[in-house]
Amino acid sequence: MYQLKENFKKMDKVGMLFILPSLLIVVLLLIYPIFSSIYFSFTSKNLIKSDYDMVGFENFKFVLSSKEFYEALWISVKWTVLSIMGQVVVGFIAALTLNKLPKFSGLFRVLLIIPWAFPTIVIGFSWKWLLNDVSGVIPNLLTTIGITSANVGFLSNNTLVFGTVVFINIWFGAPLFMVNILSALKTIPNEQYEAAVMDGANAWQSFTNITLRHIRSVIGLLIVLRTIWVFNNFELLFLITGGGPSGATTTLPIYAYKTGWGLMQLGTASSITILLLIFLISVSLFYFKVLDKWESEDR
């Protein structure tokens with residue numbers, strides 16, 4: 001107790017006043033929603049009724065026995081893995097290309113970052129308009145030039161819709177990888193490549209032992225952040241497809257939204273979000289374990 005009093009006396013009270021607004025924002029926008037979701041996940045809370053009861057783990061049992069939950073989980077995993085793989089590959093190739101360009105690399109960098117600069121709502125509605133199977137520019141163009149015999153329903157066809165939204169997400173997210181990987185490439189000393197050539201290393205050996213080794217931590221951290229972001233992504237998919245057609249693009253966030261705001265079952269929806277949180281924490285811990293291993297090898 002004495003030590004606590006001494007620490008309080010030494011505390012910079014003026015500094016604490018400056019950071020107090022930020023702390024309040026964190027509590028209101030992050031900590032409170034998490035704990036309220038945990039609390040409601042153990043209740044029968046319904047948005048229509050004011051009263052509710054504590055039901056223990058019944059919501060979790062119901063969700064984990066639901067076929068729709070596992071279908072949404074599988075779609076979320078596919079959506080995340082394919083999107084991240086595509087973003088890494090496209091961003092990496094673009095970064096390597098820009099790093100080798102002697103001129104106009106700055107111009108191309110600005111042009112390629114444009115998708116990431118636009119708000120998600122603009123991206124979503126723009127692609128929805130471009131791919132509309134009645135008045136969309138792309139389906140009508142493909143029909144006009146003879147590639148297709150009729151307008152293709154990219155967003156209404158169960159077979160095509162998932163690949164279409166994954167392509168859009170790759171187009172949207174690849175610039176983030178490109179910019180960060182390019183920045184990491186700029187930090188690699190040329191002397192290392194020159195030394196590798198003198199030692200008889202070929203281009204592939206220089207690429208794997210110098211280039212990849214220098215930037216793999218950056219790529220790994222980006223994958224962690226983008227995995228959390230893409231897996232939790234709601235607005236892009238919802239704006240473009242609404243989770244359809246026939247649930248073909250219903251990921252866990254959309255499933256939770258439909259359960260909470262469509263069926264008004266806030267308790268059940270909260271349990272879905274808690275399971276989503278546990279899953280992402282587990283994946284992140286695995287990622288960070290790999291990153292720690294890479295950092296220890298570099299040291």
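**Exercise 1.** In this predicted model, determine how the lining of the second largest pocket divides by class.

Solution.
- Step 1. List the lining: the residues are L96, N99, K100, L185, I188, N190, Y193, A203, S206, F207 and T211.
- Step 2. Pick out the nonpolar residues. Leu, Ile, Tyr, Ala and Phe belong to that class, and the lining has six nonpolar residues.
- Step 3. Assign the others. Lys counts as charged, and the lining has one charged residue. The polar class holds four.

**Exercise 2.** State which helices supply at least two residues each to the lining of the second largest pocket, and which gives the largest share.

Solution.
- Step 1. The helices that meet the threshold of at least two residues are α4 (67-100), α9 (190-198) and α10.
- Step 2. The largest share, four residues, is supplied by α10.
- Step 3. The pocket that these helices help to line has a volume of about 300 Å³.

**Exercise 3.** Describe the largest pocket by its volume, its lining and the helices that contribute to the lining.

Solution.
- Step 1. The volume is about 750 Å³.
- Step 2. The lining consists of 27 residues, and those nearest the centre of the pocket are S37, N232, T273, I274 and L276.
- Step 3. At least two lining residues come from each of α2 (13-40), α10 (203-232), α12 (252-262) and α13 (266-298).
- Step 4. With eleven residues, α13 provides the largest share of this lining.

**Exercise 4.** Find how many residues in the lining of the largest pocket are nonpolar, polar and charged.

Solution.
- Step 1. The nonpolar residues number 20.
- Step 2. Seven are polar, and no charged residue is present in this lining.

How values were computed. Residues are numbered from 1 along each chain as its sequence is written. This is a predicted model: local features need pLDDT of at least 70, side-chain atom pairs count only at pLDDT 80 or more; totals for chains, interfaces and linings use all residues. Side-chain values use heavy atoms; hydrogens and water are left out. On a 1 Å grid over the protein atoms alone, a cavity is a set of points where a 1.4 Å probe fits but cannot get out, and a pocket is an open set with protein on both sides within 12 Å along at least five of seven lines; lining residues have an atom within 4 Å of a point. Grid points are joined across faces, edges and corners, and a volume is the space filled by probe spheres set on the points.
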